[in-house]
Amino acid sequence: MLQQKVMRQMETDQELLATRMIIQGQEEERKRLAADLHDGLGGMLSGVKHSFQQSRSAMDSGIAGDPFERSVEMLDESIAELRRIAQDLGPESLLKYGISAAISDYCTNINKSEMVRVLYQPLQQLPVKIDNAKSGVIYRIVQELLNNVLKHSGAKNAIVQLSHEPDRLSVTVEDDGRGMDPELLKKSKGMGWGNIRSRIEYLRGSLDVKSDPGKGTYVHFTVNI
């Protein structure tokens, strides 16, 4: 009885830790969003306003053409930035079409940037729609893993694979980048990997990371659905 009580307490402690890490991750995401809106989109819209003011002055002086055209270009850039921020928050395709479509769209957007070539391979058609809360957590995990590929791996190519069993979903993210020492990763205190681990624990899943310096990185996680 005592052993069972200790085990239950350990499980409760792990769940509390995972929840705490998710809350911390959400707070970091809110800070990043605030910075994106203030420094990114806010600055761009201020530039658009200034450009239109210059255009009006130019037209009042009988000068037409370039100032106005540049203002329209800047407005288009601001709209694109707003869409990027909205995509990061939670893509429309996730709510409408599910996790596989959302991951596919995210990989497509990365490919458009031409920073890394990402191949998305859904190995099976999902038989049921996963509820939005779990889908959102899974999407964030994949998003964070691909962000790590973009920022830290130096990879030219990456593969994302999605497969399922009756009650579980498996995702693999693999790249051909510089790799790393998995033991150092276990000791990492960075929010990125901390968020990944806590979200997987929150979904009662498992995480497997294989990597060697110069040989790329393989990440596989499985979660309950």
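**Helices, a nonpolar patch and single residues of the predicted chain**

The N-terminal end of helix 5 is capped by Asp 131, a side-chain oxygen of which lies 3.1 Å from the backbone nitrogen of Ala 133. The model considered here is a predicted one, and helix 5 covers residues 132-153 in it. With 22 residues at 1.5 Å a residue, helix 5 should span 32 Å, and the distance of 30 Å between its end C-alpha atoms agrees with that expectation. Just after helix 5 comes Gly 154, which takes a positive phi of about 70 degrees. Within helix 5 lies Asn 148, a residue with a relative accessible area of 14%, which counts as buried because the limit for that class is under 20%. Asn 148 is also 8.0 Å from Gly 192, C-alpha to C-alpha, although the two residues are 44 apart in sequence.

In the chain as a whole, seven helices and five strands are present, and from the N terminus on these elements follow the order α-α-α-α-β-α-β-β-α-α-β-β. Of the 225 residues in the chain, 34% are buried.

Helix 4, formed by residues 99-113, has 15 residues and reaches 22 Å from its first C-alpha to its last, which is close to the 21 Å expected at 1.5 Å a residue. The buried residues of helix 4 are Ile 99, Ala 102, Ile 103, Tyr 106, Cys 107 and Ile 110. Seen down the axis of helix 4, these buried residues fall within an arc of 135 degrees, so they line one face of the helix. Such an arrangement can be read against the general geometry of an α-helix, in which there are 3.6 residues a turn, so residues three or four places apart point the same way. Glu 114 follows helix 4 and has a positive phi, near 60 degrees.

A positive phi is also found at Arg 204, a residue other than glycine, where the value is near 55 degrees. Most residues other than glycine have a negative phi. Arg 204 is placed in the loop that runs between helix 7 (191-202) and strand 4 (206-211), and its relative accessibility of 54% puts Arg 204 in the exposed class, because that class begins over 50%.

On the surface, Leu 45, Phe 52, Phe 68, Val 72, Leu 75 and Ile 79 make up a nonpolar patch of about 450 Å². Helix 1 (2-60) and helix 2 (66-89) each supply at least two residues of this patch, with helix 2 giving the largest share, four residues. One of the patch residues in helix 2 is Val 72, which has a relative accessible area of 31% and is therefore partly exposed, a class that lies between the limits for buried and exposed residues. Val 72 can belong to the patch because its 31% is over the 30% of relative accessible area that patch residues must have.

Among the strands, strand 3 (residues 168-175) contains Ser 170, which counts as buried because its relative accessibility of 9% is under 20%. The side chain of Ser 170 is joined to that of Thr 222 by a polar contact of 3.1 Å.

Key. Residues are numbered from 1 along each chain as its sequence is written. This is a predicted model: local features need pLDDT of at least 70, side-chain atom pairs count only at pLDDT 80 or more; totals for chains, interfaces and linings use all residues. Side-chain values use heavy atoms; hydrogens and water are left out. The expected span of a helix is 1.5 Å times one less than its number of residues. Buried means under 20% relative accessible area, exposed over 50%, partly exposed in between (1.4 Å probe, protein chains only). The arc is that of the directions from the helix axis to the C-beta atoms. Patches are made of residues with over 30% relative accessible area and no salt bridge: like charges are joined within 9 Å, nonpolar side chains (Val, Leu, Ile, Met, Phe, Trp, Tyr) within 5 Å. Accessible areas come from the Shrake-Rupley method with a 1.4 Å probe; for residues, only the protein chains shown count as cover. A salt bridge is a side-chain nitrogen of Lys or Arg within 4 Å of a carboxyl oxygen of Asp or Glu. A polar contact is a pair of N or O atoms within 3.5 Å; within protein, one must be able to donate a hydrogen and the other to accept it, and residues adjacent in sequence count only if both atoms are side-chain atoms.
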